[in-house]
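Work through the exercises below with the sequence and the three-dimensional model open beside you. Each task is followed by a solution that proceeds step by step.

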Amino acid sequence: MSLKSDQKKHQKIPTYGAAPYLYITLLVLNLTGWLLSQSVLESGLLKGGFKDLFYLMGFLLMIVAARIQWLSGVKSGVSTSIQSNELKTTGIYARTRNPIYFSWLLSSIGVIFCMHNVWLLLLIPIQWVILTVVIINTEEKWLYELHGEAYKDYCARVNRWIPIKKI
């Protein structure tokens, strides 16, 4: 399966980008963490109030992630923009360049919290690094090649991940 196998003939970048590979990677990391937390890393399991706090934070992060996913994937019409080779810079894309991936990261962190194992917190920076490296070397590169200075200006105004105004 090629990253560009899902695109239409006139389309310059793939509709799904690196998403399938990244999604599978995050899923495998979290499943591995869950399996390890049931045996090797059992010492990191939290109990009592901390366990409840981790559950609460995890569920809240997953709710926020679902909202961001809906705004970025469903409501924004980003697929149409990609298929017509347009740079999407409105809606949630005016706040973060990668809201879909950001929602996946938040959801993944939420899942990690719900596993209530402190050892699994180490997966968070690992997943962030993987997402960042892959995005820089695939989608950001493709978008710069396609949109040039317009994409460079967009990057200067809008954060890669966190949807807050750049200083």
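## Exercise 1: A glutamine and its surroundings

In this predicted model, the side chain of glutamine 127 makes a polar contact with the side chain of asparagine 30, at 3.0 Å. Determine where glutamine 127 is placed, whether glutamine 127 is buried or exposed, and which residues it touches.

**Solution.** Begin with the secondary structure: glutamine 127 belongs to helix 5, which covers residues 123-137. Next, consider the accessibility: the relative accessible area of glutamine 127 is 0%, and because the cut-off for buried is under 20%, glutamine 127 counts as buried. Finally, list the contacts, setting aside residues up to four places away in sequence: glutamine 127 touches Leu26, Leu29, Asn30, Leu105, Ser108 and Ile112.

## Exercise 2: The packing of two helices

Describe how helix 1 (residues 19-37) packs with helix 4 (residues 99-114), and classify the residues that make the contact.

**Solution.** Two packed helices are described by the angle between their axes and by the distance between those axes. For helix 1 and helix 4, the angle is about 10° and the axes lie 11 Å apart. Since angles under 35 degrees count as roughly parallel, helix 1 is roughly parallel to helix 4. The contact is made on the side of helix 1 by Ala19, Leu22, Tyr23, Leu26 and Asn30, and on the side of helix 4 by Tyr101, Trp104, Ser108, Val111 and Ile112. Sorted by class, the contact comprises eight nonpolar residues and two polar ones, with no charged residues.

## Exercise 3: A glycine in a loop

Locate glycine 44 in the chain, and find how far apart glycine 44 and tryptophan 119 are in sequence and in space.

**Solution.** Glycine 44 sits in the loop that lies between helix 1 and helix 2 (48-75). With a relative accessible area of 3%, glycine 44 is buried. Glycine 44 and tryptophan 119 are 75 residues apart in sequence, whereas their C-alpha atoms are 5.5 Å apart in space. When neighbours within four places in sequence are left aside, the contacts of glycine 44 are with His116, Asn117, Val118 and Trp119.

## Exercise 4: The chain as a whole

Summarise the secondary structure, the burial and the sequence range of the contacts of the protein chain.

**Solution.** The protein chain has seven helices and zero strands, so that its elements read α-α-α-α-α-α-α from the N terminus on. Of its 167 residues, 40% count as buried. Among contacts between residues at least 6 apart in sequence, 76% join residues at least 24 apart. The protein chain exposes about 9700 Å², of which carbon and sulfur atoms supply 68%.

Note on methods: Residues are numbered from 1 along each chain as its sequence is written. This is a predicted model: local features need pLDDT of at least 70, side-chain atom pairs count only at pLDDT 80 or more; totals for chains, interfaces and linings use all residues. Side-chain values use heavy atoms; hydrogens and water are left out. Axes are lines fitted to C-alpha atoms, for helices over the stretch in contact, and angles run from 0 to 180 degrees between N-to-C directions. Helices (H or I, at least four residues) and strands (E, at least two) are DSSP runs, numbered from the N terminus. Angles under 35 degrees count as roughly parallel, over 145 as roughly antiparallel, 65 to 115 as roughly perpendicular and the rest as oblique. Contact means heavy atoms within 4.5 Å. Ala, Val, Leu, Ile, Met, Phe, Trp, Tyr, Cys and Pro count as nonpolar, Asp, Glu, Lys and Arg as charged, and the others, Gly among them, as polar. Buried means under 20% relative accessible area, exposed over 50%, partly exposed in between (1.4 Å probe, protein chains only). A polar contact is a pair of N or O atoms within 3.5 Å; within protein, one must be able to donate a hydrogen and the other to accept it, and residues adjacent in sequence count only if both atoms are side-chain atoms. Accessible areas come from the Shrake-Rupley method with a 1.4 Å probe; for residues, only the protein chains shown count as cover.
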